[in-house]
Structures are given as structure tokens and as C-alpha cells.
Amino acid sequence: MKIDWVALGSVFGVSLGVAVGLVALFTLGIAGLSRRERAVAEGHGGGSLAVTGAYACFAACAAAVAYGIYLIVA
């Protein structure tokens, strides 16, 4: 049995990159929601831009997960 180390390393690198990217994107969404909460608590308004950005981050995370599931099932 011969292992293709280059292909294995490529899969590892892409998997690591996508995992780190998804965690960073989700973290940006959480940060956006916390900025909205801080703005409301301080009485500076609703922070609608932060909420819109947070929902966009969460939607991108959901799309990436759905695409991964599609790749596995198909």
C-alpha cells in the first residue's frame, strides 16, 4: 500500500484552513451581536449595522456547512 503524502497534506491543509475560517467567521458574528447589546445598554441606538454583519456571518457559516453536507451526500 502506497500513501500519497502530497494529497494527504493538501487535504489536511484545506481542512485546517476551512475550519479556522469558519470559526473566525462565527466569532465575528458573535462579536457583532455583542456590539449591538453594548450599544443598546449604553443607549447609543440599535446598532443595526452590527446586527446585519452578524447575520451575514452566520448565514455564511450555515452556507458553508450546507455545502459540506452536500459534498458528503452527493
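How far apart should the ends of helix H1 be, at 1.5 Å a residue, and how far apart are its end C-alpha atoms? Select residues 5-42, which make up helix H1, and keep in mind that you are looking at a predicted model. The 38 residues of this helix should span 56 Å, and the end C-alpha atoms are 55 Å apart, so the expected span and the model agree.

**The whole chain**

Now show the whole chain, where you will find two helices and zero strands. Turn the view along the principal axes, and the C-alpha atoms fill a box of roughly 65 × 25 × 10 Å. A compact globule of 74 residues would have a radius of gyration near 11 Å, whereas this chain has 18 Å. If you colour the chain by accessibility, 9% of the 74 residues count as buried. The chain exposes about 5,700 Å², and 74% of that area is supplied by carbon and sulfur atoms.

**The start of the chain**

Next, select Met-1, Ile-3, Trp-5 and Leu-8, which together make a nonpolar surface patch of about 570 Å². One of these residues, Ile-3, lies in the segment before H1. Ile-3 is partly exposed because its relative accessible area is 39%, and a residue counts as buried under 20% and as exposed over 50%.

**Along helix H1**

Moving along H1, select its buried residues, which are Gly-29, Gly-32 and Ala-39. Show helix H2 (48-73) as well, since this helix is included in what covers those buried residues. In an α-helix there are 3.6 residues a turn, so residues three or four places apart point the same way.

Ser-34, which also belongs to helix H1, is partly exposed, with a relative accessible area of 35%. Draw a distance from its C-alpha atom to that of Ala-50: the two residues are 16 places apart along the chain, and their C-alpha atoms are separated by 8.7 Å.

Then select Arg-36 and Glu-37, whose side chains meet in a salt bridge with an N to O distance of 3.2 Å. A search of the whole structure finds one salt bridge. Both partners are partly exposed: Arg-36 has a relative accessible area of 31%, and Glu-37 has one of 48%.

At the end of this helix, select Gly-43, which follows H1 and has a positive phi, near 80°.

**Helix H2**

Which residues of H2 are buried? Select Val-51, Ala-54, Cys-57 and Cys-61 to see them, and then bring H1 back into view, because the buried residues of H2 pack against H1, having heavy atoms within 4.5 Å of it. The 26 residues of H2 should span 38 Å at 1.5 Å a residue, and the end C-alpha atoms of H2 are 37 Å apart, so here too the two values agree.

Finally, centre the view on Ala-54, which sits in helix H2. Ala-54 counts as buried because its relative accessibility is 1%. Leaving aside residues up to four places away in sequence, Ala-54 touches Gly-29, Gly-32 and Leu-33, and two of these names, Gly-29 and Gly-32, are among the buried residues of H1 that you selected before. As a last distance, draw a line from Ala-54 to His-44: these residues are 10 places apart in sequence, and their C-alpha atoms lie 18 Å apart in space.

Definitions and conventions. Residues numbered from 1 in each chain as written. Predicted model: local features only at pLDDT ≥ 70, side-chain atom pairs only at ≥ 80, totals over all residues. Heavy atoms only, no water. Helix = DSSP H or I, 4+ residues; strand = E, 2+ residues; numbered from the N terminus. Expected span 1.5 Å × (residues − 1). Buried < 20%, exposed > 50% of the residue type's maximum accessible area, 1.4 Å probe, protein only. Patch = residues over 30% accessible without salt bridge, like charges linked within 9 Å, V, L, I, M, F, W, Y side chains within 5 Å. Areas by Shrake-Rupley, 256 points an atom, 1.4 Å probe, with all protein chains shown as cover. Salt bridge = Lys/Arg side-chain N within 4 Å of Asp/Glu carboxyl O. Rg over C-alpha atoms; globule rule 2.2 N^0.38 Å.
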